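Biologist: I'm new to this one, so could you choose one part and take a close look at it with me? Please tell me how far to trust it, too.

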Amino acid sequence: MTEANNKAKTRKKSSIKITEDNYYFYEKPPEISTLESLQIFLYNEKTGEILGKTGERWGRIGVFYLVFYSVLAAMSGVLMWAFLQTLDPRTPRWLLDESLIGTNPGIGFRPIPVESDVGSSLIWYKASDRSNYQYWIDSLIKFLDVYKRPGLTPGRGQNIYNCDYDRPPGRGQVCDVDVKLFDPCTEENHFNYHKSGPCLFLKLNKVYGWIPEYYNDTQNLPRGMPGQLRNYIENVARTNPKQLNTVWVSCEGENPADIENLGDIKYYPKQGFAGYFFPYENSEGYLSPLVAINIPRPRTGILINIKCKAWAKNIKHLRDGSGSVHFEIMVD
């Protein structure tokens, strides 16, 4: 009996139970708390395992992933380098009709409303309260800063050229934009906002390689062109024909009431973008030409809808806004 008891005790201590028929059964492991189980998982003192693996196994895993990701990074780097060799930092791969931008440039205007006013194109201020229109002045000062200080534009400085219609820029040169020619639309004059006659600036969006086809023949002007612009072009043809190579600009009220409330519009330095600024070829220091428009006597207290258009034979005025820009003004 004593020998049988000793054998039973020996089997009870083992985690494997053997019967007389040589069948093996695993006994249920001892119950431990969740905290003890977590401690054993983090570090097992008996086996030396950390997070369920020995130091040797962790080392093998680390070496494998180090080699794997090193090879992956090297392959990605080689492929990226090969891809960049196909690109020109100055010239887009797809041009004009082949590009997403296409060949129909749009027009932008400044100043624009605050960023929080998403989708708005309204310029609204009270002329008798400087703090009320200071935002618009500050926006224009910031916008024109790169035109006044060449050093703010990378590569702009020594390559600035005083262009004219018979003196286009040479290779690597960019035309100067003289902000003094925008008077009275200048910082010193508060851009005329204090006189209830605000100034705005128009710019033609950049399209690489686009060359305008000018309306430089007074006998071949489109029917939809405003009469005021027609008269202006005819006057240029008589007095200074070389300036006919210009992308013309017109601004007017969108409906009869807006036309009446808007009054006359003045353009500086001329009513269009000079042709010697085109084509845009991403030259260092290039700045888009500007046209300043001054609305000297808008009717106060009334919202006025304005639409400005650029005129060239290869500029189409589409419903999506291409070739034109819409904004509103309201002066209290």
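Modeller: Let's start with a word we'll need: a contact means heavy atoms within 4.5 Å. Also, this is a predicted model, where local features need pLDDT of at least 70 and side-chain atom pairs count only at pLDDT 80 or more, while totals for chains, interfaces and linings use all residues. Residues are numbered from 1 along each chain as its sequence is written, and side-chain values use heavy atoms, leaving out hydrogens and water.

On trust: pLDDT is the predictor's confidence in each residue, from 0 to 100. The chain averages 84, with 87% of its residues scoring at least 70. The weak stretch is residues 1–15, where pLDDT stays under 50 and the model has eight contacts beyond four places in sequence. Helices (H or I, at least four residues) and strands (E, at least two) are DSSP runs, numbered from the N terminus. Of these elements, helix α1 (residues 2–13) has the lowest mean pLDDT, 44, and strand β11 (residues 290–294) the highest, 96.

Just past β11 is a handy place to look: R299 sits in the loop between β11 and β12 (304–311). Buried means under 20% relative accessible area, exposed over 50%, and partly exposed in between (1.4 Å probe, protein chains only). R299 counts as partly exposed because its relative accessibility is 42%. Setting aside neighbours within four places in sequence, R299 touches E260, N261 and I304. R299 and D258 are 41 residues apart in sequence, yet 9.5 Å apart in space, C-alpha to C-alpha.

Now for the part I'd pick: the bonded cysteines. A disulfide is a covalent bond between the sulfur atoms of two cysteines; here the rule is a pair of cysteine sulfur atoms within 2.5 Å. How many disulfides does the rule give? The count is three.

One of them leads into β12, the strand that follows R299's loop. C251 is joined to C308, S to S 2.0 Å. Their link is right-handed, with 115 degrees about the S-S bond. C251 lies in strand β8 (residues 246–253) and C308 in strand β12, so this pair ties together parts 57 residues apart in sequence. C251 and C308 are both buried.

Going back along the chain, C163 and C175 form another disulfide, with sulfur atoms 2.1 Å apart. This one is left-handed because the torsion about its S-S bond is about -95 degrees. The pair links distant parts of the chain, 12 residues apart: C163 is in the loop between β5 (160–161) and β6 (174–175), and C175 is in strand β6 itself. Both C163 and C175 are buried.

Then there is C185 with C199, sulfur atoms 2.1 Å apart. Their torsion about the S-S bond is about -70 degrees, so this disulfide is left-handed. C185 comes from the loop between β6 and β7 (199–204) and C199 from strand β7, so distant parts 14 residues apart are linked. C185 counts as buried because its relative accessibility is 1%, and C199 is buried with a relative accessible area of 0%.

What pairing do you get when you number the bonded cysteines of the chain in sequence order? It reads 1-2, 3-4, 5-6.
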